[in-house]
Amino acid sequence: MTTADHKPQILAFLAQFFGEHRLTDDEDIFATGFVNSLFIMQLVLFVEGEFDITVDDDDLEMANFNTVRAIDALVTRKRAAVGAAAQHS
Amino acid sequence: MAIRVQLTERQAAAREEYESFTRQAVAPHADAWDRAERLPEEFLEEFAARGLLGAAVPAGYGGAELDPITFGLLNEELGRGCSSVRSLVTVHGMASYAVARWGGDRQREHWLPRFATGGAIGAFALTEPGAGSDVKALRTTARRTDDGFRLTGQKRWITFGQRADVYLLFARLDGREAAFLVPRDAPGLTVRPVTGMLGTKASMLAELSLVDCLVAPEALLGRPGFGLAAVAASALELGRYSVAWGCVGLAQACLDASLDHADRRETFGVRLRDHQLVQRMIADMATGTAAARLLCQQAGWLRQDRSTESLHATWLAKYHASRTAFRSASDAVQVHGAQGCGDGHPVQRYLRDAKVMEIIEGSTELQQTTIAESAYHSRTRTTPTERVTA
Ligand SMILES: Cc1cc2nc3c(=O)[nH]c(=O)nc-3n(C[C@H](O)[C@H](O)[C@H](O)COP(=O)(O)OP(=O)(O)OC[C@H]3O[C@@H](n4cnc5c(N)ncnc54)[C@H](O)[C@@H]3O)c2cc1C
């Protein structure tokens with residue numbers, strides 16, 4: 001699976017918070033002023049549900065969530081880990 | 001009685017069990033507990049022995065790991081009998097959930113089996129003298145030392161703070177919001193009982209004072225920076241969900257009491273239930289309670305699906321249920337007349353407890369602003385052609 005695969009879904013999810021604003025891959029989501037205090041929770045639920053992964057304590061780093069590219073990279077990494085674990089079992 | 005939609009057989013059986021437990025072991029004592037401003041140890045032991053403290057603890061650690069609807073039903077039935085007992089399930093559940101969701105292996109292995117059996121009671125310590133609705137105004141600080149962390153600050157209005165063995169407590173570490181598990185016997189922590197509250201009087205509130213309070217390195221829960229946005233927010237989601245269901249039970253208790261009283265009491269040669277203005281109050285209680293229950297069920301099913309919509313659904317449920325509980329309690333006192341104002345009458349307690357529900361877990365006003373904002377978000381999701389134009 002390539003990195004680019006998750007971006008359309010991530011952008012579609014984020015669009016509900018950003019309205020007409022077109023978010024770029026490297027724009028800091030938290031610096032835009034569009035998101036409220038519930039956003040992180042919604043983002044975690046979305047990423048877990050949409051990509052069938054579990055966001056762990058260790059993943060809770062701003063660097064994993066603050067841009068579309070970062071979220072995409074997190075999902076790619078987590079999915080690869082899930083895939084590797086499945087192959088070993 | 002409102003029709004309950006979509007309960008499975010197991011959920012229906014669990015509801016019956018909770019209802020019967022509340023009828024026998026909770027409701028008859030609730031007024032005495034309210035006056036004494038505490039829950040007796042024997043009750044806590046019985047409650048724990050039934051596994052009810054393990055409601056939000058994963059099965060792998062000895063908990064009941066209730067599904068969201070069953071957890072809701074537990075809160076509804078307890079809320080029908082005593083909001084203070086329900087609030088124990090709320091805060092202990094919030095601490096359990098946070099450790100299960102964000103804790104490392106060692107934290108889970110240490111705390112969760114204890115939470116499951118009541119060997120340890122957890123509380124949630126966020127509010128401070130200068131930080132209530134505005135949680136970002138959090139001032140308590142934590143600093144790293146060779147032996148762990150030192151915490152300094154004040155926490156107010158901590159439910160079951162008098163009884164808790166550990167506090168899920170929020171502080172700033174290098175300016176970043178962080179969550180800590182602070183054991184009650186941590187050096188530098190002083191716990192002072194808060195008495196004379198308006199409602200949920202048996203929920204044993206406390207004020208915590210931390211002066212260079214020492215905790216071990218493994219007390220840190222989750223990553224610094226995510227203490228509020230993830231740890232507190234997800235625990236508060238569960239708390240809000242629990243309170244919403246508790247309010248359904250509270251509103252149901254108001255309706256039950258009013259139905260009984262209006263059936264028995266006669267004025268002007270007829271029963272109260274035959275006066276149309278009394279019927280209006282009963283109709284509003286019945287409708288409001290049924291609607292609140294449906295909103296809670298909707299939030300529950302969405303939580304079960306781990307849907308992003310569950311957050312908004314929970315806000316709607318808590319907002320509507322707490323408002324309904326307060327209106328129903330006010331009407332229930334009205335239906336009872338002077339009797340309802342009398343010392344020791346349950347409806348008097350319901351009214352005091354219901355007011356608290358509009359303040360905790362996101363006050364009515366914060367719900368209103370958040371829900372209005374979300375309504376705009378959902379509108380931007382519809383395409384322009386779907387919008388009604390003038
Ligand atoms: C019985 C009880 C138990 C509690 N248990 C706990 C607990 O276990 N743990 C814990 O951490 N805390 C607990 N609390 C504290 C509770 O979370 C706070 O009371 C709550 O967050 C509100 O904060 P506040 O009381 O400081 O009110 P404030 O934030 O000072 O608000 C006062 C009033 O102003 C309104 N208001 C504030 N901001 C706005 C705004 N932007 N727009 C419109 N209106 C606004 C509020 O809605 C409220 O009506 C408890 C409180 C009570 C009463």
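Colleague: Which residues come nearest to the ligand in this model?
Modeller: The model is a predicted one, and in it 19 residues stand around the ligand. Of these, the ones that come nearest are B:Thr127, B:Ser133, B:Trp157, B:Ser363 and B:Glu365.

Colleague: How far does a polar side-chain atom of B:Ser363 lie from an oxygen atom of the ligand?
Modeller: B:Glu365 places a polar side-chain atom 2.6 Å from an oxygen atom of the ligand, and B:Phe124 contributes through its backbone, with an N or O atom 2.7 Å from a ligand nitrogen. For B:Ser363, the distance between a polar side-chain atom and an oxygen atom of the ligand is 2.5 Å.

Colleague: What is the bridge partner of B:Ala142 in E3(B)?
Modeller: Strand E2 of chain B, residues 141-145, runs antiparallel to strand E3 of chain B, residues 148-158, and five bridges join them. The two strands form a hairpin, with two residues between them. Within this pairing, the partner of B:Ala142 is B:Leu151.

Colleague: Which residue in E7(B) is the bridge partner of B:Lys155?
Modeller: E3(B) also pairs with strand E7 of chain B, residues 206-215, in the antiparallel sense and over seven bridges. In E7(B), the residue bridged to B:Lys155 is B:Leu208.

Colleague: Which helix gives the largest share of the largest nonpolar core?
Modeller: The largest nonpolar core holds 116 residues, and those that touch the most other members are A:Leu14, B:Phe47 and B:Phe170. The largest share of this core amounts to 19 residues, and it comes from residues 227-264 of chain B, helix H7.

Colleague: Which residues, beyond its neighbours within four places in sequence, is A:Leu14 in contact with?
Modeller: A:Leu14 is one of the residues touching the most other members of the largest core. Once the neighbours within four places are set aside, its contacts are A:Leu23, A:Ile29, A:Phe39, A:Leu43 and A:Val68.

Colleague: How many residues make up the second, separate core?
Modeller: Among its members are B:Ala123 and B:Ala171, and also B:Ala142 and B:Leu151, which are bridge partners across E2(B) and E3(B). The size of this second core is 23 residues.

Colleague: How many residues of H5(B) are buried?
Modeller: Helix H5 of chain B covers residues 83-102, and its 20 residues should span 28 Å at 1.5 Å a residue, which agrees with end C-alpha atoms 28 Å apart. The helix is mostly covered, and the number of its residues that are buried is 20 of 20.

Colleague: Which residue follows H9(B), and has a positive phi?
Modeller: Helix H9 of chain B, residues 309-336, has 28 residues that should span 40 Å at 1.5 Å a residue, and its end C-alpha atoms are 40 Å apart, so the two values agree. After H9(B), with a phi near 60 degrees, comes B:Gly337.

How values were computed: Residues numbered from 1 in each chain as written. Chains lettered and ligands numbered in written order. Predicted model: local features only at pLDDT ≥ 70, side-chain atom pairs only at ≥ 80, totals over all residues. Heavy atoms only, no water. Pairing = 2+ DSSP bridges. Helix = DSSP H or I, 4+ residues; strand = E, 2+ residues; numbered from the N terminus. Expected span 1.5 Å × (residues − 1). Core = buried A, V, L, I, M, F, W, Y, C linked by side-chain atoms within 4.5 Å. Buried < 20%, exposed > 50% of the residue type's maximum accessible area, 1.4 Å probe, protein only. Contact = heavy atoms within 4.5 Å. Near = heavy atom within 4 Å. Polar contact = N/O pair within 3.5 Å; in protein donor to acceptor, adjacent residues only side chain to side chain.
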